[in-house]
Structure formats: structure tokens, C-alpha cells
Amino acid sequence: MVSPAHTQPASAAATDSLLAHPPQQAHAVHFYEEPDSLFEHVARFLGAGLEAGDRAIVIAKAAHAGSITGRLDPRMVSAALASKQLLLLDAHETLGTIMDGEDVDADLVHALVDRLVADVRTET
């Protein structure tokens with residue numbers, strides 16, 4: 001986890017605090033060596049947001065999404081998916097919608113993000 005105000009690595013306590021109580025409209029960068037570390041941190045961040053009533057969009061490979069959501073309360077995940085509080089998108093399929101040949105198209109990325117954010121906002 002990188003501290004928001006600078007590029008020095010955050011302490012374990014700071015990381016735990018950020019994951020348990022993320023600020024509104026937060027995002028974080030996490031460098032990792034083991035995928036399980038990433039899945040655990042993303043699950044904690046996602047879980048805190050869902051418990052707070054926030055909406056979330058996760059774009060990941062199916063196996064990775066399962067590794068993340070598998071660390072959360074299954075009832076919370078089911079309810080969040082059913083209410084569209086949580087959107088899980090397949091990374092490969094999503095990547096296909098933002099490509100122009102072999103390049104990522106910035107306009108397509110912006111259009112996708114705008115559509116996804118609008119979709120989750122209309123569900124409130």
C-alpha cells in the first residue's frame with residue numbers, strides 16, 4: 001500500500017487503517033509479490049466499502065474475483081450483487097470493449113467508466 005500523500009510505503013498499521021476505513025471515493029495502489037496478499041487487501045477494502053453502503057465495481061479475471069469475494073461474507077456478496085451495489089466484470093471481456101486493434105482506446109475507457117458509474121448511481 002502506498003500512502004496517499006507521498007510515495008513511501010505505508011506502515012502495516014496505516015495499511016490496515018486505510019483498508020478498514022477508506023476515505024470517500026478512495027482508491028489505492030498496492031504493490032505485491034504474492035497474489036494472496038493482493039486478494040486479501042482488495043477484499044478488505046471492498047468489504048469495508050460494501051459494509052458502509054458504498055457501491056463498487058471490480059474488474060478482474062474470474063478466478064481473481066472469486067479469490068477476492070471468497071474472503072468476504074457470502075451473504076453480503078450475494079446481496080450486493082443482487083442489488084447491483086457490487087458489479088463484477090470479467091477482465092478479458094472488459095478489455096475487449098476498450099481496445100482499438102492492439103491498443104487501448106482512451107475514449108473507450110472513459111466511455112466505459114462513465115457508463116459503469118452511471119449504472120451504479122441509477123441503482124441508488
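1. Contact here means heavy atoms within 4.5 Å. On that basis, residues 24 or more positions apart account for 66% of the contacts in the chain with a separation of 6 or more. The model under discussion is a predicted one, and the remarks below should be read with that in mind.

2. As to overall content, the chain holds 6 helices and 4 strands, and reading along the sequence gives the pattern α-α-β-α-α-β-α-β-β-α. Of the 124 residues in the chain, 27% are buried.

3. The packing of helix α1 (residues 12-20) on α2 can be described in some detail, since two packed helices are described by the angle between their axes and the distance between the axes. For α1 and α2 the angle is about 40° and the axes lie 7 Å apart; the two helices are therefore oblique to each other. On the α1 side the contact is made by Thr-15, Asp-16, Leu-18, Leu-19 and Ala-20, and on the α2 side by His-41, Arg-44, Phe-45 and Ala-48. Sorted by class, this contact comprises 5 nonpolar, 2 polar and 2 charged residues.

4. Within α1, the buried residues are Thr-15, Leu-18 and Leu-19. Viewed down the axis of α1 they fall within an arc of 95°, so they line one face of the helix. The element against which these buried residues pack is α2.

5. Strand β1 (residues 56-60) has two faces that differ in cover: Ala-56, Val-58 and Ala-60 make up the covered face, whereas Ile-57 and Ile-59 make up the uncovered one. This agrees with the general rule that in a regular strand the side chains alternate between the two faces of the sheet. β1 pairs with strand β2 (residues 86-90) in the parallel sense, over 5 bridges, and Ile-59 has Leu-89 as its bridge partner in β2.

6. In helix α3 (residues 62-69), the buried residues include Ala-65, Ile-68 and Thr-69. These cover an arc of only 90° around the axis, which puts them on the same side of α3. The buried residues of α3 pack against α2 (35-51), β1, α4 (74-82) and β2, a set of partners that contains both helices and strands.

7. Helix α4 buries Met-76, Val-77 and Ala-80. Seen down the axis of α4, these residues fall within an arc of 100°, so they line one face of the helix, while on the other side of α4 the residues Pro-74, Arg-75 and Ala-82 are exposed. The general background is that an α-helix has 3.6 residues a turn, so residues three or four places apart point the same way. The buried residues of α4 pack against α2, α3 and β2.

8. Which residues does Met-76 contact, once its neighbours within four places in sequence are left aside? They are Gly-47, Leu-50 and Glu-51. Met-76 itself is placed in helix α4, and its C-alpha atom is separated by 8.6 Å from that of Gly-47, although the two residues are 29 residues apart along the chain.

9. One backbone feature may merit a look by the reader: Lys-84 has a phi near 65°, which is a positive value in a residue other than glycine. Lys-84 is found in the loop between α4 and β2. Is its side chain buried, partly exposed or exposed? Because the relative accessibility of Lys-84 is 42%, this residue counts as partly exposed, a class that lies between the buried limit of under 20% and the exposed limit of over 50%.

Key. Residues are numbered from 1 along each chain as its sequence is written. This is a predicted model: local features need pLDDT of at least 70, side-chain atom pairs count only at pLDDT 80 or more; totals for chains, interfaces and linings use all residues. Side-chain values use heavy atoms; hydrogens and water are left out. Buried means under 20% relative accessible area, exposed over 50%, partly exposed in between (1.4 Å probe, protein chains only). Two strands pair if DSSP finds at least two bridges between them. The arc is that of the directions from the helix axis to the C-beta atoms. Axes are lines fitted to C-alpha atoms, for helices over the stretch in contact, and angles run from 0 to 180 degrees between N-to-C directions. Angles under 35 degrees count as roughly parallel, over 145 as roughly antiparallel, 65 to 115 as roughly perpendicular and the rest as oblique. Ala, Val, Leu, Ile, Met, Phe, Trp, Tyr, Cys and Pro count as nonpolar, Asp, Glu, Lys and Arg as charged, and the others, Gly among them, as polar.
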